[in-house]
Protein chains: 2
Amino acid sequence: MKTALDFLFNPRSIALIGAAHSEEKLGGILLKNLLKYKGRIYPVNPKYEKLMGHRAYPSIAEVPEEVDLSVIMRPAPEVPGILREHKGRAKSVIIVSSGFSEVGEDELQDEIRRTGKEAGVRMLGPNCMGVYNPYSGLDTFFLPPETVKRPKKGNVAIVSQSGAFLHCIFGIMRNEKIGISRAVTYGNAVDIDESDLYEYLGTDGETQVVVSYIESVGDGRRFVEAAQRLSRKKSLIVLKSGKGSRGQAAAYSHTGRLAGSYEVFSSILRQFDIREAGDFDEMTDTMKALSFQKQAKGNRVLIITNGGGSGVLAADECMRQGLEVAPLPEEKMANLKKKFPAFYGVHNPVDLTAQVTDEDYRTALGELKEDYDGFLIIALTGLAGITEGLADIVKDFRTETEKPLIFHTSCGCGAGMLVNRVERAGIPVYLSPERAVRGLRALLR
Amino acid sequence: MKTALDFLFNPRSIALIGAAHSEEKLGGILLKNLLKYKGRIYPVNPKYEKLMGHRAYPSIAEVPEEVDLSVIMRPAPEVPGILREHKGRAKSVIIVSSGFSEVGEDELQDEIRRTGKEAGVRMLGPNCMGVYNPYSGLDTFFLPPETVKRPKKGNVAIVSQSGAFLHCIFGIMRNEKIGISRAVTYGNAVDIDESDLYEYLGTDGETQVVVSYIESVGDGRRFVEAAQRLSRKKSLIVLKSGKGSRGQAAAYSHTGRLAGSYEVFSSILRQFDIREAGDFDEMTDTMKALSFQKQAKGNRVLIITNGGGSGVLAADECMRQGLEVAPLPEEKMANLKKKFPAFYGVHNPVDLTAQVTDEDYRTALGELKEDYDGFLIIALTGLAGITEGLADIVKDFRTETEKPLIFHTSCGCGAGMLVNRVERAGIPVYLSPERAVRGLRALLR
């Protein structure tokens, strides 16, 4: 049986209340996006007979079927009346309109909560951008895909209270070559909230990682239970904002939900083993690692580097992250000393110096693969001995063992092609040693 | 009078001991780099009469003048003998060779310290890459400039114990469009160390910001005094690695100097008001801000955003960084409410929503410029109302007042051209809200 959230992510038919004829209006951008979707689309606007070549309807009542999804983009004061007309005409509704609790209009927001319930529709929003599903082609975002480009298909779902966060994360995901499975913004959350979305994504076959940006939580107990359930099945990463008093005030004015004490929130997450990212960049690093590779047990890390300083910075970050840069077993150390020139550093980090060749990484990985739980490869390019062939070496390693392996190189310096090949082989690349370690940390339990 | 370090950064004549004929050897890459320099170059190699079309000399003794600088690239065991020959033949020496304390050869290192002193030369290294001065064209790095591209000329000097760090920071500086004034790596520091280099850079007219990557400090008291003196004149940013026991071991095997207790080191920096970056990315963010703009007093920050969620994350980070996101003065709030649509958030952060236009930023900045000490502009692109014209608005603001102003946008989404124009106007752009706040923090005292 289809649930309300199936209708939201995979509707067979969609009405757009507030469709416009031109892309200069948000209702026009959205209509153009929806017209690419394979379902039946019904533009609603009493002023037009046709919009973008498609028949327009004066109201939801005139649309020839009960739609799976209706998207409402009309000024806030009109929304209660529009919702009333939806009784028996739509299974789910996205209210894009803003102008509710986030600007102090609490009564209006209460009215739509009540009216929507009476009309028997499940509601996403208000003050939201709705949903994006690259697998079905559904895209209710009013951001033109030509300028706000969508990430490629993949296994990461984004659940965001904020549209701006989604906008930023789309940019980062494209930059970092992280694929997306679903995206949803839920704004003021009068009905569907993060807990409902976690439940849906827990059973969604295309989603392996869920990134959840939260400004405030309505029902704390329900949230914790849903987050725990989801964390058992998939990787959930929570980024909470509104941490301080000013942040809380800003979060309130943004979605109209009270942010509550961050300290309490964060300690509850820790207690229930729900993963939290400290800031946007940590969220990015964690998401990237979990999207590329599976988690494994253990905390013993081997660092192999051709830059001594980078190895030291990485070792420092391992310590801060509770990862153990354990010494090399004596026997293995003796073996490697025979294989490597005398000036190589045969410790952990293994320091291959500027005289490095690609094959040195294979030698070190081969000798030590059984002795560690996770591996960090640091390869600064621009040296004659580092070539794109290194991508094959790390790929071979990952074929032999599924142990987490992360790659760091510095940007520029002809690193682009190497980075592409390494990432195509399923190994995430990071541009600073500390960020690479944070990625590896996410993969080790 | 010229000091030893002037000879190092602006030599009139250079000998290269261990010059090679081909760029497949480090001694060939380096010779090619040096031949582009305007001073007199003397390749030294007893096996050749000519190298790259230039007369080669069998030893430093045969070179026809006492050189300002000699660069030594011969195997470690030969270095003491070579140094002895330098008596009266060179004012300063860079010892590129590795194979000393960093691989346990402490006696050999003591020997070169003693021998160099007896020969009356100042020494940089061993186990280092030497110096880069884009203003004079000197480049002793054995990294080919075609693959490890150098940053553009600018005001940031890099003082690094590690060559790998330099390699990474070159990539980042090019990526972030940060200009360089000097770069120097000093490796095992048998003679010239960070304190000498701070002293030199304190008087260097092209340098405004000094980034110092340190794995270990020889003479702690001398370091603190030199760092304090430099911090009074210029912006010094210290990045210390070798923080934990494994990091310390790695740092030891990398340069052979003992790293010492990080906690003590860090608390001394705090006590003497010497700026420390926690990791590579914080170093980058701080360096970028200080390279682009001057510091100012105060800690009251105004955030203007077109993305609510980004504003909240920025406000959170302000709190963590001790910056005050102070409420708008009531009168100004009333003025802005008259000028803006009702659904704009007229608080701090000012939320211009997705309906934003460029001119809204001018309106908000104009109204509030006297009320805050630092400004963060968040402009997510891809919306019709955000154009490249925003670059002129922030440029105008910076012309009127020198108060720090930092810019955040998300990557991709046609942001490239806007970012270029904003940065050309002297405003640093950051790709995450928290990193932007860390940049602003560096500019507010």
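This report walks through a predicted model, from the make-up of chain A to the pairing of the chains and two local sites.

## Chain A as a whole

Let's start with the overall build. Chain A has 445 residues, and 64% of them count as buried. Its secondary structure consists of 16 helices and 20 strands. Taken along the principal axes, the C-alpha atoms fill a box of roughly 80 × 45 × 40 Å.

How do the contacts run along the sequence? Counting those in chain A between residues at least 6 apart in sequence, 72% join residues at least 24 apart.

## Surface and charge

About 16200 Å² of chain A is exposed, with carbon and sulfur atoms supplying 49% of that area. As for charge, chain A carries 58 positive and 57 negative side chains. The centres of these two sets lie 4 Å apart.

## How the two chains are related

Chain B can be placed on chain A by a turn of 180 degrees with a shift of 0.0 Å along the axis, giving an RMSD of 0.0 Å. That is the relation of a two-fold axis. If you would like to find the axis on screen, look for Asp281(B): of the residues of chain B, its C-alpha comes closest to the rotation axis, at 5.1 Å.

Which surfaces do the copies use to meet? Of the interface residues of chain B, 99% are also interface residues in chain A, so the copies meet through the same surface.

## Helix 10 of chain B

Helix 10 of chain B covers residues 280–292, and Asp281(B) is among its buried residues. At 1.5 Å a residue, the 13 residues of this helix should span 18 Å, and the end C-alpha atoms are indeed 18 Å apart, so the two values agree.

Is this helix enclosed or open? Helix 10 of chain B is largely enclosed by the rest of the structure, because 12 of its 13 residues are buried. The buried set includes Phe280(B), Met283(B), Met287(B), Leu290(B) and Phe292(B). Asp285(B) and Lys288(B) are also among the buried residues.

## A loop residue: Glu388(A)

Back in chain A, Glu388(A) sits in the loop between strand 18 (374–378) and helix 14 (390–400). With a relative accessible area of 31%, Glu388(A) is partly exposed.

What does Glu388(A) touch? Setting aside neighbours within four places in sequence, Glu388(A) is in contact with Met417(A), Leu418(A) and Arg421(A). Val419(A) lies 31 residues from Glu388(A) in sequence, and their C-alpha atoms are 8.6 Å apart in space.

Key. Residues numbered from 1 in each chain as written. Chains lettered and ligands numbered in written order. Predicted model: local features only at pLDDT ≥ 70, side-chain atom pairs only at ≥ 80, totals over all residues. Heavy atoms only, no water. Helix = DSSP H or I, 4+ residues; strand = E, 2+ residues; numbered from the N terminus. Buried < 20%, exposed > 50% of the residue type's maximum accessible area, 1.4 Å probe, protein only. Contact = heavy atoms within 4.5 Å. Areas by Shrake-Rupley, 256 points an atom, 1.4 Å probe, with all protein chains shown as cover. Lys, Arg positive; Asp, Glu negative; His and termini not counted. Charge placed at Lys NZ, Arg CZ, Asp CG, Glu CD. Least-squares fit on C-alpha atoms with pLDDT ≥ 70 in both. Expected span 1.5 Å × (residues − 1).
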